[in-house]
Amino acid sequence: MQVKARLLDENSIKRTLIRLSHEIIEKNKGVSDVALIGIKTRGVPIAKRIAEYIKQFEGVEVPVGVLDITLYRDDLTEKYEDPKLNETKVDFDIKDKKVILVDDVLFTGRTVRAALDAIMDLGRPRLIQLAVLVDRGHRELPIRADYVGKNVPTSLSEIVHVHLKEIDGEDVVLIAEK
C-alpha cells in the first residue's frame with residue numbers, strides 16, 4: 001500500500017466523532033427514540049463510540065445494533081465466491097425509531113442501499129439517517145449522508161483506509177493509491 005496522505009489521526013477522529021454526536025443530538029432535538037446501527041465492520045465501533053459520547057453529553061444510553069449487509073449486496077456473486085456471513089444483531093425494536101446508520105466511508109452508495117434493504121427487513125423505523133466518518137464522493141446512487149465527519153475529494157485510483165483501535169489496533173484514516 002502506497003500511502004499518499006494521513007487524513008485523520010487519533011485525536012482528530014475523536015474530535016470528529018464528538019462533533020457528529022452533538023450534531024445527532026441537535027438535529028433530533030435530543031435522543032429519545034434514537035437508535036444507532038453500525039454497518040459491519042468498521043461502522044460498528046464508530047456507532048459504539050458515538051453512543052458513548054451521547055451518553056456522556058445527554059446521560060442517555062442509545063441502543064446500538066450491528067448490521068451485516070453481505071446478502072443484500074448487489075455485487076455478491078461478483079465479489080464473493082463463498083460469502084462469509086457475519087451476525088446482524090439488533091436487540092431492540094426499530095419500529096417508530098429514528099435509526100441512524102453508521103459507516104466508516106461513503107463511496108458509491110451501494111453499501112448504504114444494501115443496508116437500507118436490510119433495515120427494512122427488521123421493521124419500519126420512523127426515519128433513517130446516515131452518519132459517516134469520511135465521504136469520498138463518486139456516488140453511483142442518489143444517497144447522501146446526514147452527518148459527515150470529513151469530506152475528502154478522491155480520485156478513483158485512490159483508496160481510503162480507516163483503521164480503528166477495536167479492529168486494527170490504531171486510530172488513523174489514510175489515503176493510498178490502489
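**An aromatic pair, two sheets and two cores**

The structure holds 1 aromatic pair. In this predicted model, the pair is formed by Tyr53 and Phe57, whose rings are stacked, with 6.4 Å from centre to centre and 15 degrees between the planes. Tyr53 and Phe57 both belong to helix 2, where they are 4 residues apart, about one turn of the helix. As for their surroundings, Tyr53 counts as buried because its relative accessible area is 12%, under the cut-off of 20%, whereas Phe57, with a relative accessible area of 32%, is partly exposed.

Both rings lead on to a residue of another helix. Ser21 lies in helix 1, and, when its neighbours within four places in sequence are left aside, Ser21 is in contact with Ile50, Tyr53, Ile54 and Phe57. Is Ser21 buried or exposed? Its relative accessibility is 0%, and therefore Ser21 counts as buried.

Further along helix 2 one finds Glu58, which counts as partly exposed because its relative accessibility is 37%. Apart from residues up to four places away in sequence, Glu58 touches Ile25, Gly30 and Val31. The last of these contacts joins residues that are 27 apart in sequence, and the C-alpha atoms of Glu58 and Val31 are 8.0 Å apart in space.

From the helices one can turn to the sheets. Strands of a sheet pair through backbone hydrogen bonds, in either the parallel or the antiparallel sense. In this model, 5 strands form an open sheet with parallel pairing, in the order 3-2-4-5-6. Its edges are strand 3, residues 64-67, and strand 6, residues 147-151, each of which pairs on one side only. On average, and with direction ignored, neighbouring strands of this sheet are turned by 25 degrees against each other.

Within this sheet, strand 2, which spans residues 34-39, pairs with strand 3 in the parallel sense over 4 bridges, and Leu36 stands opposite Val64 in strand 3. Helix 1, residues 10-27, packs on the sheet and touches strand 4 (98-106), strand 5 (127-135) and strand 6, while its direction makes about 150 degrees with that of strand 6. Helix 4, residues 110-122, lies across strand 2, strand 3, strand 4 and strand 5, and runs at about 155 degrees to strand 4. Strand 4 and strand 5 run parallel and are joined by 8 bridges; Ile100 has Gln129 in strand 5 as its bridge partner. Strand 5 is mostly covered, since 7 of its 9 residues are buried.

A record adds an annotation to this part of the chain: an unreviewed UniProt entry gives "short sequence motif: PRPP-binding" for residues 99-111. Over residues 99-111 the model assigns 15% of the chain to helix and 62% to strand, with the end C-alpha atoms 16 Å apart.

The second sheet is also open and has 3 strands, in the order 1-8-7, with antiparallel pairing. Strand 1 (2-8) and strand 7 stand at its edges, and each has a single partner strand, so one side of each is left without a neighbour in the sheet. The twist from one strand to the next averages 25 degrees. Strand 7 and strand 8, which run antiparallel, are joined by 6 bridges, and Glu158 has as its bridge partner Glu177 in strand 8.

What remains is the nonpolar interior. The largest nonpolar core has 29 residues, and those with the most contacts inside it are Leu17, Leu36, Ile50, Ile100, Val102, Leu133 and Val173. At least two residues of this core come from each of helix 1, strand 2, helix 2 (43-58), strand 4, strand 5, strand 7 (158-163) and strand 8 (172-177). Which element supplies the largest share of this core? Helix 2 does, with 6 residues. Ile50, when residues up to four places away in sequence are not counted, touches Leu17, Ser21, Ile24, Leu36 and Val102. A second, separate core has 21 residues, among them Phe92, Leu101, Ala118 and Ile119.

Note on methods: Residues are numbered from 1 along each chain as its sequence is written. This is a predicted model: local features need pLDDT of at least 70, side-chain atom pairs count only at pLDDT 80 or more; totals for chains, interfaces and linings use all residues. Side-chain values use heavy atoms; hydrogens and water are left out. Two strands pair if DSSP finds at least two bridges between them. Axes are lines fitted to C-alpha atoms, for helices over the stretch in contact, and angles run from 0 to 180 degrees between N-to-C directions. Contact means heavy atoms within 4.5 Å. A nonpolar core is a set of buried Ala, Val, Leu, Ile, Met, Phe, Trp, Tyr and Cys residues joined through side-chain atoms within 4.5 Å. Buried means under 20% relative accessible area, exposed over 50%, partly exposed in between (1.4 Å probe, protein chains only). UniProt positions are given in the numbering used here, feature names are shortened, and annotations may be inferred rather than shown by experiment. Rings of Phe, Tyr and Trp (its six-membered ring) pair if their centres lie within 6.5 Å; planes under 30 degrees apart count as stacked, over 60 as edge-to-face and the rest as tilted.
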